[in-house]
Amino acid sequence: MTQLLPISDFWQAPGPILDVRSPGEYAQGHLPEALSFPLFSDEERAQVGTCYKQQGQETAVELGLELVAPKMVGLVKQAKALAPERQVRVHCWRGGMRSGSVGWLLETSGLEVKLLKGGYKAFRHWVRTTLATPRTLIVVGGMTGTGKTDILHALRKLGEQVLDLEGLANHRGSSYGALMLPPQPSTEQFENLIAEQWATFNPQRPVWVEAESRRVGTCRVPEEIVDQMEAAPTLEVVRSEAERLAILVDVYGQANLDELTAATERLRKRLGGLRTQEAVQHIKKGELAAAAAIILTYYDRTYRHDLVRRGQEIPKIDIAEMSVLQAAQHLLGQVNHWGWYNS
């Protein structure tokens, strides 16, 4: 008999998670570990929905059965291939007919099935509740090219709790941020990924996070996280301009020059026509350090403006000439000295 589990127990249950919603629903947002296992295609789901509105539930159910019948054997074979241990977790949007039907089919075929109570809708409620849960944050700021993301990664290797918003968003948070990275998730999926990590953080220890605007590329940072970041203690890491340029060339040196040019053109209104033209000419010649030096004039100005907007004194930590690991260790020593670590 299929078991109906709340999200907390559903997470812990064995077996792959099969999301039986349509591909479009899955693409919009899904449980981070879930596999797309659609009962209906997007077109079929629309057909059933229209039938329900125009002719009622009974006729819609009959249409659904007609659409599903030819797929039943294929669904069973696919599920068994995905779950060699014969244990699966299944959910749909609200924990209704789609997951119930697939659960019955798979259980009848010999699999042990767990259903998510309330479906994906209940999971989204859990996401919002989780994101609103307070955590002690330490925000790492610094001008473009100071290597903040690499420092966060080093802190994680040192055993620290880190929320890498740029990593989850597949974007570095600038006009150049999408270069050489996979496509971004939807904002809804971005929230799901953040909540999954947020729930694992020990509330007795701080979480390190990079200072970000309200958007990382096309992904909006959840308001609950923004509010906590704005209230958290912030530090600024400082490197020389030469080091910053070297870091930027190292990060973007393998990028396609046409894509670098297009990203620079997107800054034309903010950078100015002449500076944009000069930067583009340097890029086309492969002179990336010279181009980056011009582009930094815009990003540095924007960063200083944000500091003024915050209206607070942010302590600076000089990490010039330090390796990423040394910088991370230095930050740990400083926040311990200031008493932030256990605040």
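**Pocket lining and strand pairing in a predicted model**

Helices α3 (42-55), α4 (57-68), α5 (72-82) and α6 (97-108) each supply at least two residues of the lining of the second largest pocket, where helices (H or I, at least four residues) and strands (E, at least two) are DSSP runs numbered from the N terminus. The model is a predicted one, in which local features need pLDDT of at least 70 and side-chain atom pairs count only at pLDDT 80 or more, while totals for chains, interfaces and linings use all residues. Residues are numbered from 1 along each chain as its sequence is written, and side-chain values use heavy atoms, with hydrogens and water left out.

The volume of the second largest pocket is about 880 Å³. Of the 27 residues that line this pocket, Phe 40, Val 48, Gly 96, Met 97 and Arg 98 are the closest to its centre. A pocket is here an open set of points, on a 1 Å grid over the protein atoms alone, where a 1.4 Å probe fits and with protein on both sides within 12 Å along at least five of seven lines, and lining residues have an atom within 4 Å of a point; grid points are joined across faces, edges and corners, and the volume is the space filled by probe spheres set on the points. By residue class the lining divides into 17 nonpolar, six polar and four charged residues, with Ala, Val, Leu, Ile, Met, Phe, Trp, Tyr, Cys and Pro counted as nonpolar, Asp, Glu, Lys and Arg as charged, and the others, Gly among them, as polar.

Over the protein chain, the secondary structure comes to 17 helices and twelve strands, and the C-alpha trace spans about 70 × 50 × 35 Å along its principal axes. Of the 343 residues in the protein chain, 45% are buried (under 20% relative accessible area, with exposed over 50% and partly exposed in between; 1.4 Å probe, protein chains only). Among contacts (heavy atoms within 4.5 Å) between residues at least 6 apart in sequence, 73% join residues at least 24 apart.

One open sheet is formed by five strands in the order β1-β5-β4-β2-β3, with parallel pairing; two strands pair if DSSP finds at least two bridges between them. At the edges stand β1 (3-5) and β3 (35-36), each of which has a single partner strand, so one side of each is left without a neighbour in the sheet. The partner of β1 is strand β5 (residues 112-116), with which β1 pairs in the parallel sense over three bridges, and Leu 5 stands opposite Leu 116 in β5. Ser 8 is found in helix α1 (residues 7-12) and counts as partly exposed, at 44% relative accessibility. The C-alpha atoms of Ser 8 and Phe 123 are separated by 9.6 Å, although these residues lie 115 residues apart along the chain.

Further parallel pairings involve strand β8 (residues 207-210), both faces of which are covered, with Val 207 and Val 209 buried on one side and Trp 208 and Glu 210 buried on the other. Strand β6 (residues 137-142) runs parallel to β8 and is joined to that strand by four bridges, with Val 139 opposite Val 209, whereas strand β7 (residues 161-163) is joined to β8, also in parallel, by three bridges, with Val 162 opposite Trp 208. Four bridges likewise join β6 to β11 (234-238) in the parallel sense, and the bridge partner of Val 139 in β11 is Thr 234. Four of the five residues of β11 are buried. Strand β11 pairs in turn with strand β12 (residues 316-318), parallel and over three bridges, and Ile 317 in β12 is the bridge partner of Val 237.

In helix α8 (residues 148-157), the buried residues are Lys 148, Thr 149, Ile 151, Leu 152, Ala 154 and Leu 155, and these pack against β6, β7, α9 (165-169), β8, β11 and α17 (324-338). Just after α8, Gly 159 takes a positive phi of about 95°. Most residues other than glycine have a negative phi. Asn 170, a residue other than glycine, nevertheless has a positive phi near 55°, and Met 180, not a glycine either, has a positive phi of about 65°. Asn 170 is found in the loop between α9 and α10 (187-198), as is Met 180, and Met 180 counts as partly exposed, at 39% relative accessibility.
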